[in-house]
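Subject: Structure handover

Hello,

Please find the structure below. My notes on it follow.

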Amino acid sequence: SGDEVQSVEFNSDFKGTVQPSVSDNLFQHEDNKDGHQDVAHWKAYHDDDSNWTYKDKRWGIVSPQNGESVDISGQEYLSFDFYFDNDRIPSLNNMLICLEDSNGKTCEVQLSSQNVYGSASLPSRQWKTIRVYLDRIQGIEQIDKMQITKVKLAFRYERDIYLDNIV
């Protein structure tokens, strides 16, 4: 159609660009996981409650690979690869995503079938690409989509989660 939107890579190698919001938690680069190279490994210790009372202590924070900011204003969705390393079946409803711009303004969304593209079901111990519709993130119109400096991710339970290819 000629109107196809080109996605902008936010981060795909995670070297020196990931950190936990508190040092007790794990959010770090790992060389590989089940066929993917250069991934981020997230684990926040202890579970959170249904109101996300402790979300600020649970974030895995990803900075852009370019070291500055990324313009996502032309994108329809935020995409990332997700790997749940646990025998239990994961639920999207247990994941929170937050975008932060260069002015420190944020918007966040709890994932659900209402705001992701395609199937909301997640497999255990398999990579799956998740696409979050940007226009379904409450407050996104309040941030500068041309200057995204952080993508933050949290999961409600203490689990090992791997991420790759944030676009």
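Buried here means under 20% relative accessible area, and exposed means over 50%. The model is predicted, and everything below should be read with that in mind.

**Strand β6**

I started with β6, residues 95–101. Seven of its seven residues are buried, so the strand is largely enclosed by the rest of the structure. In a regular strand the side chains alternate between the two faces of the sheet. In β6, one side carries Met95, Ile97, Leu99 and Asp101, and the other carries Leu96, Cys98 and Glu100. Both faces are covered, with every one of these residues buried, Asp101 and Glu100 included.

Which strands is β6 joined to by bridges? One is β9 (residues 148–155), which runs antiparallel to β6 and is joined to it by seven bridges. Within that pairing, Ile97 has Leu153 as its bridge partner. The other is β7 (residues 106–110), also antiparallel, with five bridges to β6. Here Leu99 stands opposite Cys107. β6 and β7 make a hairpin with four residues between them, and Gly104 in the turn has a positive phi of about 85°.

**Loops on either side of the hairpin strands**

Asn94 lies in the loop between β5 and β6. Its relative accessibility is 14%, so Asn94 counts as buried. Apart from residues up to four places away in sequence, Asn94 touches Trp52, Ala154, Phe155, Arg156 and Tyr157.

Leu111 sits in the loop between β7 and β8 (127–133). Is Leu111 buried or exposed? Leu111 counts as buried, because its relative accessibility is 0%. Its C-alpha atom is 5.7 Å from that of Met95, although the two residues are 16 apart along the chain. Leaving aside neighbours within four places in sequence, Leu111 is in contact with Met95 and Ile97 of the strand described above, and also with Phe80, Leu92, Asn93, Val116, Ile130 and Val132.

**Two further loop positions**

Ser69 is in the loop between β4 (60–62) and β5 (77–84). At 18% relative accessibility, Ser69 falls under the 20% cut-off and therefore counts as buried. The side chains of Ser69 and Gln147 are joined by a polar contact of 3.1 Å. Not counting residues up to four places away in sequence, Ser69 touches Gln147 along with Pro64, Met146, Ile148 and Thr149.

Asp135 belongs to the loop between β8 and β9. Its relative accessibility is 64%, so Asp135 counts as exposed. The C-alpha atoms of Asp135 and Tyr77 are separated by 7.8 Å, with their positions 58 residues apart along the chain counted as the distance apart.

**Largest pocket**

What is the volume of the largest pocket? The volume is about 150 Å³. Its lining is made up of Val22, Asp24, Asn25, Tyr45, His46, Asp47, Tyr54, Lys57 and Arg58. These lining residues divide into four charged, three nonpolar and two polar.

**In brief**

The β6 strand is largely enclosed, since seven of its seven residues are buried, and it is joined by bridges to β9 and to β7. Of the loop residues above, Ser69, Asn94 and Leu111 count as buried, whereas Asp135 counts as exposed.

Regards

Conventions. Residues are numbered from 1 along each chain as its sequence is written. This is a predicted model: local features need pLDDT of at least 70, side-chain atom pairs count only at pLDDT 80 or more; totals for chains, interfaces and linings use all residues. Side-chain values use heavy atoms; hydrogens and water are left out. Helices (H or I, at least four residues) and strands (E, at least two) are DSSP runs, numbered from the N terminus. Buried means under 20% relative accessible area, exposed over 50%, partly exposed in between (1.4 Å probe, protein chains only). A polar contact is a pair of N or O atoms within 3.5 Å; within protein, one must be able to donate a hydrogen and the other to accept it, and residues adjacent in sequence count only if both atoms are side-chain atoms. Contact means heavy atoms within 4.5 Å. On a 1 Å grid over the protein atoms alone, a cavity is a set of points where a 1.4 Å probe fits but cannot get out, and a pocket is an open set with protein on both sides within 12 Å along at least five of seven lines; lining residues have an atom within 4 Å of a point. Grid points are joined across faces, edges and corners, and a volume is the space filled by probe spheres set on the points. Ala, Val, Leu, Ile, Met, Phe, Trp, Tyr, Cys and Pro count as nonpolar, Asp, Glu, Lys and Arg as charged, and the others, Gly among them, as polar. Two strands pair if DSSP finds at least two bridges between them.
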